[in-house]
Amino acid sequence: VRHILLIGMGPGHPDQITLQAIEAMRSADVFFIPAKGEEKAELAEARLAMLERHLRDRPAQTVGYAMPVRNQATADYGERVRDWHDAIADIFADLFREHIGDAGRGAFLVWGDPSLYDSTIRILDAVRAGGEIAFTYEVIPGVTSVQALAAAHGIALNTVGNPVHVTTARRLKEEFPDNADSVVVMLDGGTAFAELGRDDLDIFWGAYLGTKDEILVAGRLAEVSADIQRIRAEARDRKGWMFDTYLLRKR
Ligand SMILES: C[S@@+](CC[C@H](N)C(=O)[O-])C[C@H]1O[C@@H](n2cnc3c(N)ncnc32)[C@H](O)[C@@H]1O
């Protein structure tokens, strides 16, 4: 039966990958590389660089596929994401049928770790539930952008004995979580931290973590917020895209 490897590839640095992931990469027959839409060209390049570096003399077969885009006309967020996942599931089923032999091994290099704000596992479950194609899959963990953020700033995520809340900018804007003194924010298309209007927070901000363009800013939110907004806008203009993660910590 076909086997799919979901390989956590870390948040961008070619060294931030486990030996288990490299072994898994070396055992794969074909890699599926998302090429368009939500995926930025640089992220596809980062995947190819990973293959080049770690596969060495065994050239990999790679198959690019276009990521469908979410239909913004669908008002309900849950429905919009479900429709999007269904469209990707159809693409995956076709890829597996066309490019993996009966006992072959296909692989996805999943950004960071597959367990954190990534839908690949859910989509594979949907493909399997569709029943049209039989396969097994396994997950190889990777370094998350959250770990890369903490390491780059040289901090622990939690204060002693206290919880950490990981959330999205969309949810942060709805309500600031009051169940933790440490809040990690991901998937911020803008600058949600600047709209909080609080002066009891520190921020540890990181963009393009692990890459040559990494930017770090830390300080009292009220004091560094304007700097981060300016640096973020400049970097975004320069590169054409932005990936940032930050920790907000109650003082
Ligand atoms: C779809 S999520 C994927 C997260 C990924 N699975 C992980 O383990 O980090 C994308 C978000 O992860 C964060 N992210 C991923 N890579 C990053 C990086 N190199 N630097 C900063 N943030 C990153 C950003 O918040 C971005 O909006």
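Is arginine 251 buried or exposed? Arginine 251 is exposed, because its relative accessible area is 56% and anything over 50% counts that way. Keep in mind as you look through these views that the model is predicted.

**Figure 1. Arginine 251 and aspartate 202 meet in a salt bridge.** Let us stay with arginine 251 and look at its partner. The side chains of arginine 251 and aspartate 202 come together at 2.7 Å, N to O. Arginine 251 belongs to the segment after β10, while aspartate 202 sits in strand β8, so this bridge ties together parts that are 49 residues apart in sequence. Aspartate 202 is buried, with a relative accessible area of 19%, whereas arginine 251 is exposed. In the whole structure you can find 13 salt bridges, and the next two views show others.

**Figure 2. Glutamate 42 and lysine 239 join two helices through a salt bridge.** Here the distance is 2.8 Å, N to O. Glutamate 42 is part of helix α2 (residues 41-55) and lysine 239 is part of helix α7, so the pair connects parts that lie 197 residues apart in sequence. Glutamate 42 is partly exposed at 30% relative accessibility, and lysine 239 is buried at 18%. These two residues also have company: salt bridges with shared partners link Glu42, Lys212, Asp213 and Lys239 into one network.

**Figure 3. Glutamate 174 and arginine 171 form a salt bridge inside one helix.** Their side chains meet at 3.3 Å, N to O. Both residues belong to helix α6 (residues 169-174), and because they are three residues apart, about one helical turn separates them. Glutamate 174 is exposed, at 54% relative accessibility. Arginine 171 is partly exposed, at 47%.

**Figure 4. Phenylalanine 96 and phenylalanine 108 meet edge-to-face.** A search of the whole structure turns up twelve aromatic pairs. In the pair shown here, the ring centres are 6.1 Å apart and the planes make an angle of 65°. Why is that called edge-to-face? The angle between the planes is 65°, and planes over 60 degrees apart count as edge-to-face. Phenylalanine 96 comes from helix α3 (residues 77-99) and phenylalanine 108 from strand β4 (residues 105-110), twelve residues apart. Both of these phenylalanines are buried. They also belong to a cluster in which ring pairs link Phe32, Tyr65, Phe92, Phe96, Phe108 and Phe135.

**Figure 5. Tyrosine 208 and tryptophan 241 bring two loops together in an edge-to-face pair.** The ring centres are 5.4 Å apart, with 80° between the planes. Tyrosine 208 lies in the loop between β8 (201-207) and β9 (215-220), and tryptophan 241 lies in the loop between α7 (221-239) and β10 (244-250). That makes the partners 33 residues apart. Tyrosine 208 is buried at 3% relative accessibility, and tryptophan 241 is buried at 9%.

**Figure 6. Two arginines sit over aromatic rings.** Arginine 70 lies over the face of tryptophan 84, 4.3 Å from the ring centre. For arginine 198, look at the charged end: this sits over the ring of phenylalanine 176, at 4.2 Å from the centre.

**Figure 7. Threonine 120 and glycine 130 are two residues of helix α4.** Which residues does threonine 120 touch, once its neighbours within four places in sequence are left aside? Its contacts are Leu6, Phe92, Phe108 and Val110. Threonine 120 is buried, at 12% relative accessibility. Glycine 130, also in helix α4, is exposed, with a relative accessible area of 52%. Glycine 130 is 40 residues from aspartate 90 in sequence, and their C-alpha atoms are 9.2 Å apart in space.

**Figure 8. The second largest pocket is lined by 16 residues.** How much space lies in this pocket? The second largest pocket holds about 290 Å³. Gly12, Glu42, Ala46, Thr211 and Lys212 are the lining residues nearest its centre. Helix α2 gives the most to the lining, with six residues. You have met Glu42 and Lys212 before, as members of the salt-bridge network.

Notes. Residues numbered from 1 in each chain as written. Predicted model: local features only at pLDDT ≥ 70, side-chain atom pairs only at ≥ 80, totals over all residues. Heavy atoms only, no water. Phe/Tyr/Trp six-rings, centres within 6.5 Å; stacked < 30°, edge-to-face > 60°. Helix = DSSP H or I, 4+ residues; strand = E, 2+ residues; numbered from the N terminus. Buried < 20%, exposed > 50% of the residue type's maximum accessible area, 1.4 Å probe, protein only. Lys NZ or Arg CZ within 6 Å of the ring centre and 35° of its normal. Contact = heavy atoms within 4.5 Å. Salt bridge = Lys/Arg side-chain N within 4 Å of Asp/Glu carboxyl O. 1 Å grid on protein atoms, 1.4 Å probe; cavity = no way out; pocket = protein on both sides within 12 Å on 5 of 7 lines; lining within 4 Å. Points joined across faces, edges and corners; volume = space filled by probe spheres on them.
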